[in-house]
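Colleague: I should like to go through the reasoning behind the assignments in this model. Could you set each value against its criterion as we proceed?

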Amino acid sequence: MGTSVQVTPLCGVYNENPLSYLISIDGFNFLVDCGWNDHFDPSLLQPLSRVASTIDAVLLSHPDTLHLGALPYAMKQLGLSAPVYATEPVFRLGLLTMYDHYLSRKQVSEFDLFTLDDIDSTFQNVTRLTYSQNHHFSGKGEGIVISPHVAGHLLGGTIWKISKDGEDVIYAVDFNHRKEKHLNGTVLESFVRPAVLITDAYNALNNQLPTKQRERGFIDAIKKTVEAGGNVLIPVDTAGRVLELVLILEESPLNCPIYFLTYVASSTIDYVKSFLEWMSDNIAKSFEHTRDNAFLLKHVSLLINKSDLDNAPAGPKVVLASMASLEGGFAHDIFVEWATDTKNLILFTERGQFATLARMLQADPPPKAVKVTMSKRIPLVGEELLAYEEEQNRIKKEEAMKASIIKEEELKVVHASDNVGDPMVIDASNTQTSQEAVSHGGRYRDVLIDGFVPPPNCAAPMFPFYENASEWDDFGEVINPDDYVIKDDDMDQGALPFVSNMDGKLDEGPASLILDMKPSKVVSTELTVQVKCSLIYMDFEGRADSRAIKSILAHVAPLKLVLVRGSAEATEHLKQHCLKNVCPQVYAPQIEETIDVTSDLCAYKVQLSEKLMSNVLFKKLGDHEIAWIDAEVGETENGMLSLLPLSTSAPPHKSVLVGDLKLADFKQFLSSKGVQVEFAGGALRCGEYVTLRKAGDASQKGGLSGTQQIVLEGPLCEDYYKIRDYLYSQFYLL
């Protein structure tokens, strides 16, 4: 049998919950994504808690909470300790996303599920990979190779390819085939006939308007509101789809100020400026030729504190504020202030998470009344402050007492193990000698508070001294290499929250929140808000729509397909479509249901004999070398299968053309050669007489392959032979 593959959903199937899936490859367990929602509901993580200790590696696909939000909590509370793999933007922007969510929660509640230190320690375990970079596992994962590829949804967003013994498992959720202002489209179509494809059904029922039309409608809606004297609130994520919206607004300046407001807005844009190589070809080429950075913003102002917005000049304004769900963050507070004015507009660019205020407003538009909770943190005063200080003093005394007892016990153990006759040791049991453990800067030091009587055999009175014995060999002191390892400078800088420039300076607002240790409490009030403002939803989620999903899946034509996140209706719709048009084995498992998607093909390891290899001529194809081999199967002395040269002459075989021709690419190639070419009825009309088209379907139901043909039609003339030669040049002939 082939490589053993099992898939177990832990969260996010038959609904729109966060994504988290367990993929086992020959017993090596991958946790692919570790998402959480904006409610931070621990009950969603119960399936993960049952398998966290068995996970060998974690793969992150996108830098938002739906894909990595639960990672700090899982590392701290659930026993997850596996290494984490992600692209550089997912690492950096994911870190900032978690900072923003923590501070937003901490300002309005006694949030204690994780801390900033937990976030930092979690992301220190991340190994960063570039697109198409292969990472080889060893030990338990020997033979497994992972590589990230462009997803096109968020900056650094990843399609994960997991390979072993020639079989590929592709994890592709939240991909986008469209090329946008700051991102290229996905490369999912470049994978053909993988053993297993895992994808989502989130957009299986939705179709989108053309990009230009959506952008024009977006700007027109904002202009209409601003010209009428109203404000526009756009609830956004921290560092994901907001980048595309920022560029749209930057390229379409309005007659009003535009603000991007999150706790980490400055840090986000500063990091994004350095990620141009991860963005669209247009941005990279523009920077290469003109040195213009698309994210050197001229019309969008960055804010990190709501007081800055409150102090802004009066008049219409556009504000992009986190969080998109309206469950917290600056967007929640601004919504409460602006919702009662009929001139204002709340412009949603993505569907709200399930059971959030944003989702409720989208499902039942205004006018209506909604109940919201307004919370804020205020300093303690008067009797509350005195009671708090007394409690803290009591806790400190108890901790100091416990530490003193522990230190005394350690000293007794040390003295008991020392040589009594050693003049360097003081008799700690002598009643005239008293030692006390005193805390200093977080460390404990021995302090002599009385005189002491040295033992009779002591050469001279000495203060307590304990020598740390070091090992020595013939070459000197034996050192521990770990003591001299230089830590990753980038990680040190990344561990500083809210870096507003690349020199490590802290943003003043968020830094003050971290450093402010004044006793405080959270005060909450229930409000009923009369929502009278306008509300519009426009799809800027950056995901492939229903038509594109079906077309891409048909092209990829996996041997087995696993459907995950999406509503029950969308999942069932896509499943039935794929059973008819993509492949006969389509799975849609439930939570904690393990499905075996092991390949039905048999894979054997064979040894190529030296005699055979000496007569083989390889041709390079991409990252591989290929050759046609005629051989006999034999067996080596140790019982391994081996390919040996034929004992008789090799039989003739038909010519084999190796490659994948795309008509659009071939059209550009012919144009570069001076051939007049155009699409006509799904075929290429080359010159005046020759037509080239594809016949058959390489992705027929049943997993049939090799049925697609390229047909070249026309009279036998000079143009025909020239086009044929150009066509052959796109393939390798074996």
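Colleague: How many helices and strands does the secondary structure of the chain come to?

Modeller: This is a predicted model. Its chain comes to 20 helices and 37 strands. Of the 734 residues, 46% count as buried, and the chain exposes about 37,000 Å², with carbon and sulfur atoms supplying 51% of that area.

Colleague: What makes Cys 578 a cysteine without a bond to Cys 583?

Modeller: The closest cysteine sulfur to that of Cys 578 belongs to Cys 583, at 6.7 Å. A disulfide requires the two sulfur atoms to be within 2.5 Å, so this pair is too far apart for a bond. The structure as a whole holds zero disulfides.

Colleague: Why is Cys 578 called buried?

Modeller: Its relative accessibility is 0%, and buried means under 20%; Cys 578 therefore counts as buried. The same cut-off applies to Cys 256, which at 11% also counts as buried.

Colleague: Which strands form the open sheet, and in what order?

Modeller: Seven strands form it in the order E6-E5-E4-E3-E2-E1-E26, with mixed pairing. Strand E6 (126-129) and strand E26 (595-596) stand at the edges because each has a single partner strand, so one side of each is left without a neighbour in the sheet.

Colleague: How do you know that E1 and E26 pair?

Modeller: Pairing requires at least two bridges between the strands. Strand E1 (residues 5-11) and E26 have two bridges, in the antiparallel sense, so the criterion is met. Val 7 has Ile 595 of E26 as its bridge partner.

Colleague: Is Thr 8 buried or exposed, and why?

Modeller: Thr 8, which is placed in strand E1, has a relative accessible area of 10%. The limit for buried is under 20%, so Thr 8 is buried. Leaving aside neighbours within four places in sequence, Thr 8 is in contact with Tyr 21, Leu 22, Glu 592, Glu 593 and Thr 594.

Colleague: What makes the span of helix H4 close to the expected one?

Modeller: H4 has 19 residues and reaches 27 Å from its first C-alpha to its last, against the 27 Å expected at 1.5 Å a residue. Helix H4 (residues 88-106) lies across strand E5 (84-87) and E6, at about 100° to E5.

Colleague: What makes H4 mostly covered?

Modeller: The count of buried residues settles that point: 18 of the 19 residues in H4 are buried.

Methods. Residues numbered from 1 in each chain as written. Predicted model: local features only at pLDDT ≥ 70, side-chain atom pairs only at ≥ 80, totals over all residues. Heavy atoms only, no water. Buried < 20%, exposed > 50% of the residue type's maximum accessible area, 1.4 Å probe, protein only. Helix = DSSP H or I, 4+ residues; strand = E, 2+ residues; numbered from the N terminus. Areas by Shrake-Rupley, 256 points an atom, 1.4 Å probe, with all protein chains shown as cover. Contact = heavy atoms within 4.5 Å. Axes fitted to C-alpha atoms, helices over the stretch in contact; angles between N-to-C directions. Expected span 1.5 Å × (residues − 1).
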